[in-house]
Amino acid sequence: MWLTGACTTGASRIPGDPLDLGTYGGDGAGVIATDSVTHVHIGCTFGDIPGRVPIDAKGRFAVAGSFILKAFPVTIGPRLPAQFSGRLIGRSLSVSVAVNDTTTGKVVSLGPVTVVLGQQPQLGPCPICRAPKMPAALSDKQVPDR
């Protein structure tokens with residue numbers, strides 16, 4: 001009898017299984033998934049998703065979070081509402097972000113980017129951040145209105 005590990009990926013996932021914890025890296029992108037937050041870097045921008053990201057049986061996800069479009073060399077807010085979506089196939093994660101830039105009245109699309117579990121992010125001049133502790137306003141899975 002063969003037993004499978006707790007790490008499930010791709011099409012064999014049970015609906016609602018969360019994204020596997022760890023660092024996902026790629027060219028110009030990175031994702032850090034922890035128990036409390038999933039931190040996403042695309043180039044010199046970054047965003048956060050409160051909690052674990054649920055993945056459906058086909059490896060897809062679509063979740064709300066927040067994003068900062070001006071993050072390097074100095075982070076300049078505000079945190080903007082964002083929709084993160086993508087697909088997990090094996091250890092490879094594709095991520096796109098639609099940021100509601102309430103300061104300009106436009107939606108900014110980032111990605112898709114591809115990152116791989118266990119690889120280090122390659123972000124050029126932009127350093128990868130550590131996954132932050134979620135602000136109290138976001139810890140209940142609420143995105144601030146701005």
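Tutor: Let's settle one term before we start: two strands count as paired if DSSP finds at least two bridges between them. Also keep in mind that this model is predicted.

Student: Okay, what does the secondary structure of the chain come to?
Tutor: Reading along the sequence, you meet β-β-β-β-β-β-β-β-β-β-α. The total is one helix and ten strands.

Student: In which order do the eight strands of the barrel close?
Tutor: The pairing in the barrel is antiparallel. On average, neighbouring strands of this sheet are turned by 30° against each other, ignoring direction. Going round, the order is β2-β3-β4-β5-β7-β8-β9-β10.

Student: How many bridges join β7 to strand β8?
Tutor: Strand β7 covers residues 60–68, and β8 covers residues 80–89. One of the pairs to look up is Arg60, whose bridge partner in β8 is Arg87. The two strands run antiparallel, and the bridges joining them come to eight.

Student: On the β5 side, which residue in β7 stands opposite Gly47?
Tutor: Strands β5 and β7 also run antiparallel, joined by three bridges. Three satisfies the rule of at least two bridges, so β5 and β7 count as a pair. Opposite Gly47 you'll find Phe67.

Student: Is Phe67 buried or exposed?
Tutor: Phe67 sits in strand β7. Beyond its neighbours within four places in sequence, its contacts include Val40, Pro78, Leu80, Phe84, Val97, Val99 and Leu110. Its relative accessible area is 0%, and the cut-off for burial is under 20%, so Phe67 is buried.

Student: How far apart in space are Phe67 and Gln83, C-alpha to C-alpha?
Tutor: In sequence, these two are 16 residues apart. In space, the C-alpha separation is 9.1 Å.

Student: Let's go to Thr45. Is it buried or exposed?
Tutor: Thr45 belongs to strand β5, residues 45–50. Away from its neighbours within four places in sequence, it is in contact with Val40, Phe67, Ile68, Leu69, Ala71 and Leu110. Its relative accessible area is 11%, which is under 20%, so Thr45 is buried.

Student: The side chain of Thr45 has a polar atom. Which residue has its backbone oxygen 2.6 Å from it?
Tutor: A polar contact needs N or O atoms within 3.5 Å. The 2.6 Å pair joins the Thr45 side chain to the backbone oxygen of Ile42.

Student: And why is Thr75 called partly exposed?
Tutor: Thr75 lies in the loop between β7 and β8. Leaving out neighbours within four places in sequence, it is in contact with Phe46, Ile68 and Lys70. Partly exposed means between the 20% and 50% cut-offs, so Thr75 fits with a relative accessible area of 45%.

Student: Which backbone oxygen does the side chain of Thr75 reach?
Tutor: For a longer reach along the chain, Cys44 is 31 residues from Thr75, with their C-alpha atoms 9.7 Å apart. The oxygen you asked about is 3.5 Å from the Thr75 side chain, and its residue is Ala71.

Student: Now β9 and β10. How many bridges join them?
Tutor: Strand β10 spans residues 106–117 and runs antiparallel to β9. Among the facing residues, Ser92 stands opposite Val116, and Val99 stands opposite Val108. The bridges joining β9 to β10 number nine.

Student: Which residue in the β9 and β10 hairpin takes a positive phi?
Tutor: That hairpin has four residues between its strands. The phi in question is near 75°, and the residue is Gly105.

Student: What stands opposite Tyr24 in β10?
Tutor: Strand β2, residues 22–26, pairs with β10 in the antiparallel sense over two bridges. The residue opposite Tyr24 is Leu117.

Student: Where in the chain is confidence lowest, and where is it highest?
Tutor: The mean pLDDT of the chain is 83, with 78% of residues at 70 or more. Residues 1–11 stay under 50, and residues 138–146 are below 50 too. Where pLDDT is low, the predicted coordinates should not be read in detail. The lowest mean, 48, belongs to helix α1, and the highest, 98, to strand β9.

Student: Last one: what percentage of the residues in the chain is buried?
Tutor: Among contacts with a separation of 6 or more, 51% join residues 24 or more positions apart. The accessible surface comes to about 7,900 Å², with 58% of it on carbon and sulfur atoms. Of the 146 residues, the buried share is 39%.

How values were computed: Residues are numbered from 1 along each chain as its sequence is written. This is a predicted model: local features need pLDDT of at least 70, side-chain atom pairs count only at pLDDT 80 or more; totals for chains, interfaces and linings use all residues. Side-chain values use heavy atoms; hydrogens and water are left out. Buried means under 20% relative accessible area, exposed over 50%, partly exposed in between (1.4 Å probe, protein chains only). Contact means heavy atoms within 4.5 Å. Accessible areas come from the Shrake-Rupley method with a 1.4 Å probe; for residues, only the protein chains shown count as cover. A polar contact is a pair of N or O atoms within 3.5 Å; within protein, one must be able to donate a hydrogen and the other to accept it, and residues adjacent in sequence count only if both atoms are side-chain atoms. pLDDT is the predictor's confidence in each residue, from 0 to 100. Axes are lines fitted to C-alpha atoms, for helices over the stretch in contact, and angles run from 0 to 180 degrees between N-to-C directions.
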